[in-house]
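Biologist: Please take a close look at the salt bridges in this model. Tell me where the paired residues sit and how open they are to solvent.

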Amino acid sequence: MWCVDLRAGDYEDRESLDAALEGVDTLMFISASEIGKRVSQHRNVIEAAKSRGVKRVVYTSLLHADRSPISLADEHRPD
């Protein structure tokens with residue numbers, strides 16, 4: 001049986017992320033949607049997860065980012 005806790009955290013506020021991820025084993029990480037800020041916001045989430053000992057991160061991205069024409073896709077494409 002799974003237990004899901006919802007916690008508030010601001011992708012641009014590392015302290016809020018540290019607090020939100022305290023005691024978390026698995027993080028369901030929803031991609032940020034602000035073009036141009038996504039890399040730094042995601043870095044904050046990942047660094048907070050690492051510092052809090054999160055064991056597993058499940059990340060949502062953009063469907064077919066490798067070929068999607070929408071502007072959000074650029075920052076979701078693999079290097």
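Modeller: What follows goes through the salt bridges pair by pair, then turns to a nonpolar patch.

This is a predicted model, with pLDDT of at least 70 needed for local features and pLDDT 80 or more for side-chain atom pairs, while totals for chains, interfaces and linings use all residues. Residues are numbered from 1 along each chain as its sequence is written, and side-chain values use heavy atoms, with hydrogens and water left out.

Side chains of opposite charge can pair when their charged atoms come close. Here a salt bridge means a side-chain nitrogen of Lys or Arg within 4 Å of a carboxyl oxygen of Asp or Glu. The whole structure holds eight of them.

Start with Glu22 and Arg52. Their closest N and O atoms are 2.8 Å apart. Glu22 lies in the loop between helix 1 and strand 1 (26–30), and Arg52 in the loop between helix 2 (38–51) and strand 2 (56–60), so this pair ties together parts that are 30 residues apart in sequence. Helices (H or I, at least four residues) and strands (E, at least two) are DSSP runs, numbered from the N terminus.

How open are these two? Glu22 has a relative accessible area of 44%, so it is partly exposed. Arg52, at 36%, is also partly exposed. The classes are buried (under 20% relative accessible area), exposed (over 50%) and partly exposed (in between), with a 1.4 Å probe and protein chains only.

Asp25 and Lys55 form another salt bridge, at 3.5 Å between the closest N and O atoms. Asp25 is in the loop between helix 1 and strand 1, Lys55 in the loop between helix 2 and strand 2. The pair links distant parts of the chain, 30 residues apart. Asp25 is partly exposed because its relative accessible area is 45%. Lys55 reaches 70%, so it counts as exposed.

Next comes Asp5 with Arg7. Their closest N and O atoms are 4.0 Å apart. Asp5 is exposed at 53% relative accessibility. Arg7 is partly exposed at 43%.

Salt bridges also join into a network, which links Glu12, Glu34 and Lys37.

Now the nonpolar patch. Trp2, Val4 and Leu6 make a surface patch of about 480 Å². Patch residues have over 30% relative accessible area and no salt bridge; like charges are joined within 9 Å, and nonpolar side chains (Val, Leu, Ile, Met, Phe, Trp, Tyr) within 5 Å. Accessible areas come from the Shrake-Rupley method with a 1.4 Å probe; for residues, only the protein chains shown count as cover. Trp2 sits in the segment before helix 1 (14–20). Trp2 is exposed, at 71% relative accessibility.
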